[in-house]
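Please open the structure in a viewer and keep the sequence panel at hand. The stops below are meant to be selected one after another.

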Amino acid sequence: MAQYRTERLGQSIQEKISSLILEGKIKDKRVNSFLSITRVDVSKDLSFADVYVSDVREKNIERGAEGLQSAAGFIQSQLGSGMRIRKTPRLRFHADTSIGDGFDMIKKIDELNIKEAGAE
């Protein structure tokens with residue numbers, strides 16, 4: 001039951017932060033509309049939320065995560081006012097490179113397939 005609650009809270013946090021980014025309410029210049037929240041892991045005691053950030057342009061992921069971290073106080077206040085929870089989790093933002101890593105893996109597999117086809 002507790003795991004379901006943390007997952008549900010994580011999804012709510014993900015949706016709220018995504019809407020703040022898209023609506024342009026976060027004024028940090030490092031935060032842009034190309035950023036997306038890939039997942040949110042909430043701790044069991046609901047005190048921390050690890051937020052994973054991705055960007056279409058891979059070189060801006062770190063900068064975007066830093067921008068969101070600097071705006072964490074504002075984001076937490078927005079979460080607290082928009083959600084019905086007693087204590088808003090403390091947000092920690094991390095760059096998520098898994099999408100780019102996946103594309104790199106697919107590219108390598110395609111290259112191997114081309115080499116095998118050429119060797120036959």
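**Salt bridges**

Begin by selecting Asp-41 and Arg-39, which form a salt bridge with their closest N and O atoms 3.3 Å apart. The model is a predicted one. Asp-41 is partly exposed, because its relative accessibility is 34% and the range for that class lies between 20% and 50%. Arg-39 is likewise partly exposed, with a relative accessible area of 38%. A search of the whole structure finds five salt bridges.

Next, select Asp-28, Arg-30 and Glu-66, which a network of salt bridges links. Within this group, the side chains of Arg-30 and Asp-28 meet at 2.9 Å, N to O. The other partner to display is Glu-66, whose salt bridge with Arg-30 has its closest N and O atoms 4.0 Å apart. Glu-66 belongs to helix α2 and Arg-30 to the loop between α1 (2-22) and β1, so this pair ties together parts that are 36 residues apart in sequence. Both residues are partly exposed: the relative accessible area of Arg-30 is 28%, and the relative accessibility of Glu-66 is 43%.

**The sheet**

Now select residues 35-42, which make up strand β1, together with β2; the two pair in the antiparallel sense over seven bridges. Two facing positions can be picked out along this pairing: Ser-36 stands opposite Ser-54 in β2, and Val-42 stands opposite Ala-49 in β2. Five residues lie between the strands of this hairpin, and Leu-46 takes a positive phi near 65° there.

Add strand β3 (residues 90-95) to the selection. Six bridges join β3 to β2, and these two strands run parallel. Ala-49 can be selected again here, since its bridge partner in β3 is Leu-91.

With the three strands displayed together, an open sheet appears in the order β1-β2-β3, with mixed pairing. The edge strands are β1 and β3, each pairing on one side only. From one strand to the next, the twist averages 25°.

Which helix lies across β1, β2 and β3? Select residues 61-70: this is helix α2, and it runs at about 170° to β3. Glu-66, visited earlier in the salt-bridge network, lies in this helix.

**Strand β2 and Asp-55**

Return to strand β2 and select residues 48-55. Is this strand mostly covered or mostly uncovered? Strand β2 is mostly covered, with seven of its eight residues buried.

Select Asp-55, which has its place in strand β2. Asp-55 is classed as buried because its relative accessible area is 5%, and the cut-off for buried is under 20%. To view its surroundings, display Asn-32, Phe-34, Leu-35, Asn-60 and Ile-61; Asp-55 touches these residues, not counting those up to four places away in sequence.

**A nonpolar patch on the surface**

For the last stop, show the surface and select Ile-99, Phe-103 and Ile-106, which make a nonpolar patch of about 310 Å². Ile-106 lies in helix α4, which spans residues 98-119. How exposed is Ile-106? Ile-106 is partly exposed, with a relative accessible area of 48%.

Conventions
Residues numbered from 1 in each chain as written. Predicted model: local features only at pLDDT ≥ 70, side-chain atom pairs only at ≥ 80, totals over all residues. Heavy atoms only, no water. Patch = residues over 30% accessible without salt bridge, like charges linked within 9 Å, V, L, I, M, F, W, Y side chains within 5 Å. Areas by Shrake-Rupley, 256 points an atom, 1.4 Å probe, with all protein chains shown as cover. Helix = DSSP H or I, 4+ residues; strand = E, 2+ residues; numbered from the N terminus. Buried < 20%, exposed > 50% of the residue type's maximum accessible area, 1.4 Å probe, protein only. Pairing = 2+ DSSP bridges. Axes fitted to C-alpha atoms, helices over the stretch in contact; angles between N-to-C directions. Contact = heavy atoms within 4.5 Å.
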